[in-house]
Amino acid sequence: MLFFSVIGKFGAILASIPLPIIGALYCVLFALMSAAGFDLLQFCNLNSYRTKFILGFSIYMGLSVPQYFNGYVITTGHGPVLSGSATFDQIMQVIFTSPATVAGVIAYFLDLTLARRHPLTRKDSGRHWWAKFKYYGRDPRSEEFYSLPYGLSKYFPSV
């Protein structure tokens, strides 16, 4: 996108794409990104009440908090955060009107705090599965998995 905005001719090509085509691309890309995000849930214990609560609560708050912020702006003309600094207020407005950001921050916070000392928490959240990939040399498949195509790994090594 930066490339298209800096060079005018490429920006003109991007601007000439009809809105229905951009909408269709947006729908397909959103579906792919959502599927990739939900793909990470395969390592979690979805039979755990803790995991279900974190997922449900974060998705619900991710949908309701941005709605509240947008409704507040429509009715009052400014956001609900009034700190005295217009820059800080606008940053908070941008953060809290993004559903994905709100849901992600809440899910991350709850995953780190809710029943943290319980012995099954690590297994419920799937962190035990990722532990073996924390360091590059622990798995013999790392070289194959992280290598670049067309022999570029020779010029850009993984480690």
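**Exercise 1. Classify Phe69 by accessibility, and place its ring among its neighbours.**

Step 1. Phe69 has a relative accessibility of 8% and therefore counts as buried; the classes are buried under 20% relative accessible area, exposed over 50%, and partly exposed in between, with a 1.4 Å probe and protein chains only. The model is predicted: local features need pLDDT of at least 70, side-chain atom pairs count only at pLDDT 80 or more, and totals for chains, interfaces and linings use all residues. Residues are numbered from 1 along each chain as its sequence is written, and side-chain values use heavy atoms, with hydrogens and water left out.

Step 2. Rings of Phe, Tyr and Trp (its six-membered ring) pair if their centres lie within 6.5 Å; planes under 30 degrees apart count as stacked, over 60 as edge-to-face and the rest as tilted. By this rule there are five aromatic pairs. One of them joins Tyr68 and Phe69, with 5.9 Å centre to centre and 85 degrees between the planes, an edge-to-face pair.

Step 3. The ring centres of Phe69 and Phe96 are 5.2 Å apart and the planes are at 20 degrees, so this pair is stacked. Phe69 belongs to helix α4 and Phe96 to helix α5 (residues 86-96), so the pair links distant parts of the chain, 27 residues apart. Helices (H or I, at least four residues) and strands (E, at least two) are DSSP runs, numbered from the N terminus.

**Exercise 2. Which residues make up the cluster of linked rings, and how accessible is each?**

Step 1. The cluster linked by ring pairs holds Tyr68, Phe69, Tyr72 and Phe96.

Step 2. Tyr68 is partly exposed at 48% relative accessible area. Tyr72, in helix α4, is partly exposed at 25%. Phe96, at 30% relative accessibility, is also partly exposed, whereas Phe69 is buried at 8%.

Step 3. Two C-alpha separations place cluster members against other parts of the chain. Phe96 and Gly79, 17 residues apart along the chain, are separated by 10.0 Å. Tyr72 and Ile21, 51 residues apart along the chain, are separated by 32 Å.

**Exercise 3. Describe the largest pocket: its volume, its lining and the domains that supply it.**

Step 1. On a 1 Å grid over the protein atoms alone, a pocket is an open set of points where a 1.4 Å probe fits, with protein on both sides within 12 Å along at least five of seven lines; lining residues have an atom within 4 Å of a point. Grid points are joined across faces, edges and corners, and a volume is the space filled by probe spheres set on the points. The largest pocket has a volume of about 1,000 Å³.

Step 2. Its lining has 30 residues, and Gly37, Leu41, Leu55, Gly104 and Ala107 lie nearest the centre. Two or more lining residues come from each of α3 (19-39), α4 (49-76), α6 (99-113), α7 (121-125) and α8 (127-130).

Step 3. By class the lining has 18 nonpolar, eight polar and four charged residues. Ala, Val, Leu, Ile, Met, Phe, Trp, Tyr, Cys and Pro count as nonpolar, Asp, Glu, Lys and Arg as charged, and the others, Gly among them, as polar.

Step 4. Domain 1 (1-42) and domain 2 (44-125) each give at least three residues to the lining; the bounds come from an automatic or database domain assignment. The C-alpha centres of the two domains lie 25 Å apart.

**Exercise 4. Which residues does the UniProt annotation "transmembrane region" cover, and how helical are residues 53-74 and 94-114?**

Step 1. The unreviewed UniProt entry annotates residues 12-41, 53-74 and 94-114; such annotations may be inferred rather than shown by experiment.

Step 2. Residues 53-74 are 100% helix and 0% strand, with end C-alpha atoms 31 Å apart. Residues 94-114 are 86% helix and 0% strand, with end C-alpha atoms 27 Å apart.

**Exercise 5. Are Tyr150 and Pro157 buried or exposed?**

Step 1. Tyr150 lies in the segment after α9 (142-145), and Pro157 is also placed after α9.

Step 2. Tyr150 is exposed at 82% relative accessibility, and Pro157 is exposed at 57%.

Step 3. Phi of Tyr150 is near 60 degrees, a positive value in a residue other than glycine. The C-alpha atoms of Pro157 and Thr75, 82 residues apart along the chain, are separated by 54 Å.
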